[in-house]
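Work through the exercises below with the sequence and the model open side by side. Each task is followed by a solution that proceeds step by step.

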Amino acid sequence: MGVLSKKDAKLISDPLLDNNPITIQVLGICSALAITAELEASIVMSISVLFVLGVGNVVISLMRNIIPSKIRIIVQLVVVATLVIIVDQVLKAYAYELSKTLSVFVGLIITNCIIMGRFEAFALGNGPWRSFLDGIGNAAGYGFILILVGFFRELFGSGTLLGIPVLGDPIEKTGLYAIGYENNGFMLLSPMALIVVGLIIWVQRSRNKALIED
Amino acid sequence: MENRTDKNSYTILFAIGMVVVVGGILAFLASSLRPAIAQNEKIEKQQNILYALGINNNEGSSAVFVDAAVTPNKFESTVTEQLVLTFKNGEIMKTQARQEYVDETGQEPYLIDVKKQQSLQKTTGERKLPLFIGKNPNGKTLYVAPIRGKGLWDAIWGYVALDEEMVVQGVYFDHKGETPGLGANIKQTYFMDDFKGEHLLNDTGVFKGITVAKGNADPKNEDKTDYEVDAIAGATITGDGVTAMIKKDLALYVPYFKTLKK
């Protein structure tokens, strides 16, 4: 990456794999369980978090020298909540359809531990540009796992991707269903998200032994 | 050395300042965007009603409304009358036409807040029931009633288009925060289309409602008089909410439909 120094590039690439917020830091699991039954929801959530974490990290970083340490968590919470509500209101006024798709995520974004985690761990101690990169990197790492989980859950749970049937019609018995394949309804329930995340963690750690904790 | 930002006085001042600034921004934003949001919500209600009447831009399995830009005109030309029924103690006391209601309250009947009317019914026993009369694309006259209830997480609501016999001709369901992929699928065409043709009354005119049933013996939904549609796997409570709102809200309209047959 020519634009970014090596150190800055690492801020983005690290959270994608070796320091992934979900599989390594084990943050943001709650929303990963809740909304990954569909690929589309996973993508929308990823983009929302990308925006909120990128901008939020910059705001917190700019304020880092004036935030009283005693109430810093409350300040962080107020910043996230404000950002999310501003986005929600503007979308409601100018992109109503999109805001309806997002409505369910608004609450989930505010409570996403990755956001508070990055504010606390990074933005409070670093400049705005580096905080921005860190936010984008972590949100991308989060989104990557979310989309991966959403892909498998929607494919095996409903036999569709982005709502489009890819395995044939389960009622008319065409495509794969003609030879006896059945959708696994269990994939649509939250516990399977945890199991899929667990499988990803397993694959990741078996490929890179350095990630295994004692 | 104590940091400047560690002082109690600084902390309190910061907190007060933050609340004022954030509160100011949000209040300004909310009041400046309110007209645009209200307009969007109005158009959405019109789109919902048109959808129940079978007027939509559906593509494949996803429900698509008619374009927002043409909605007000389309609504005006399709929905020919909006009645307001005053319901009290199991009876319809009064039936007002749209113009009469607008003259009395200054509000369009389709903007009647169903949630508010439901709580009025609980406290006073009286409530307004809006009913929209329009023609579907085949020219058949249908009656659209709004319904509202509770899903798993939050409110669910919908519009049901009925013919004179109270046979469902089209529905639109929506929700505030049901789980994506599970309860949120009540607004998918495959679920909503299952209601088409379902009977609400039995042969003798007794209101049966429609149950969203698990373990349905009729997954392809060919039997239209079993008062059941197939549930969505993993969305039991949302489905129960749909059953409940249909039974509770639509039953109130039965006296009106009886007058149509006379």
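The exercises that follow concern a predicted model, and they move from one chain to the sheet, the helix packing and single residues.

**Exercise 1. Describe chain B as a whole: which secondary structure elements does it have, and what share of its residues is buried?**

Step 1. Counting elements, the secondary structure of chain B comes to 7 helices and 8 strands.

Step 2. For the overall dimensions, a box of roughly 85 × 50 × 40 Å along the principal axes is filled by the C-alpha atoms of chain B.

Step 3. Turning to burial, 32% of the 262 residues of chain B count as buried.

Step 4. Considering the contacts in chain B with a separation of 6 or more, 56% of them are accounted for by residues 24 or more positions apart.

**Exercise 2. Establish the strand order of the sheet of 6 strands in chain B, and state which strands are its edges.**

Step 1. Begin with β1 (residues 79-88) of chain B, which runs antiparallel to β3 (residues 126-135) of chain B and is joined to that strand by 9 bridges; within this pairing, Q82(B) has F132(B) as its bridge partner.

Step 2. β1(B) also pairs with β2(B) in the antiparallel sense, over 5 bridges, and here L85(B) stands opposite T95(B).

Step 3. From β3(B), continue to β4 (residues 141-150) of chain B, since the two strands pair in the antiparallel sense over 4 bridges, with Y143(B) as the bridge partner of I133(B). These two strands form a hairpin with 5 residues between them, and in its turn G139(B) has a positive phi of about 85°.

Step 4. Assembled, the order is β2-β1-β3-β4-β5-β6 in chain B, an open sheet with antiparallel pairing. The edge strands are β2 (91-96) and β6 (168-175) of chain B, each of which pairs on one side only. With direction ignored, neighbouring strands of this sheet are turned by 25° against each other on average.

**Exercise 3. Characterise the packing of α1(A) against α7(A): what are the angle and the axis distance, and which hand does the crossing have?**

Step 1. Two packed helices are described by the angle between their axes and by the distance between those axes.

Step 2. Helix α1 (residues 6-16) and helix α7 (residues 128-158), both of chain A, pack at an angle of about 20° with their axes 7 Å apart.

Step 3. Angles under 35 degrees count as roughly parallel, and α1(A) and α7(A) are therefore roughly parallel to each other. Their crossing is right-handed.

Step 4. Among the residues that make the contact are L11(A), I12(A) and L16(A) of α1(A), together with L133(A), I136(A) and F144(A) of α7(A). By class, the contact has 8 nonpolar, 3 polar and 4 charged residues.

**Exercise 4. Analyse how chains A and B meet, taking α4(A) and α1(B) as the example: which hand does their crossing have, and how do the residues of the contact divide by class?**

Step 1. At the level of the chains, 28 residues of chain B are in contact with 29 residues of chain A. On the side of chain B that touches chain A, the residues divide into 15 nonpolar, 9 polar and 4 charged.

Step 2. The axes of helix α4 (residues 72-94) of chain A and helix α1 (residues 8-52) of chain B come within 8 Å and cross at roughly 15°, and α4(A) and α1(B) are therefore roughly parallel to each other.

Step 3. The crossing of α4(A) past α1(B) is left-handed. The contact includes V78(A), I85(A) and Y94(A) of α4(A), and M18(B), L29(B) and N40(B) of α1(B); its residues divide into 16 nonpolar, 3 polar and 1 charged.

**Exercise 5. Classify M166(B), Y227(B) and M116(A): is each buried or partly exposed?**

Step 1. A residue counts as buried if 20 or more other C-beta atoms lie within 10 Å of its own.

Step 2. M166(B) is found in the loop between β5 (155-162) and β6 of chain B. Because 23 other C-beta atoms lie within 10 Å, M166(B) is buried; its phi is near 60°, a positive value in a residue other than glycine.

Step 3. Y227(B) has its place in the loop between β7 (211-213) and β8 (228-230) of chain B. With 20 other C-beta atoms within 10 Å, Y227(B) is buried, and its phi, near 55°, is positive in a residue other than glycine.

Step 4. M116(A) lies in helix α6 (residues 113-121) of chain A and has 17 C-beta neighbours inside 10 Å, so M116(A) counts as partly exposed. The C-alpha atoms of M116(A) and G54(A), 62 residues apart along the chain, are separated by 12 Å.

Notes. Residues numbered from 1 in each chain as written. Chains lettered and ligands numbered in written order. Predicted model: local features only at pLDDT ≥ 70, side-chain atom pairs only at ≥ 80, totals over all residues. Contact = placed C-beta atoms within 7 Å. Nonpolar A, V, L, I, M, F, W, Y, C, P; charged D, E, K, R; others polar. Axes fitted to C-alpha atoms, helices over the stretch in contact; angles between N-to-C directions. Parallel < 35°, antiparallel > 145°, perpendicular 65-115°, else oblique. Left-handed = near helix turned anticlockwise from the far one by under 90°. Pairing = 2+ DSSP bridges. Buried ≥ 20, exposed ≤ 12 C-beta atoms within 10 Å, placed from the backbone.
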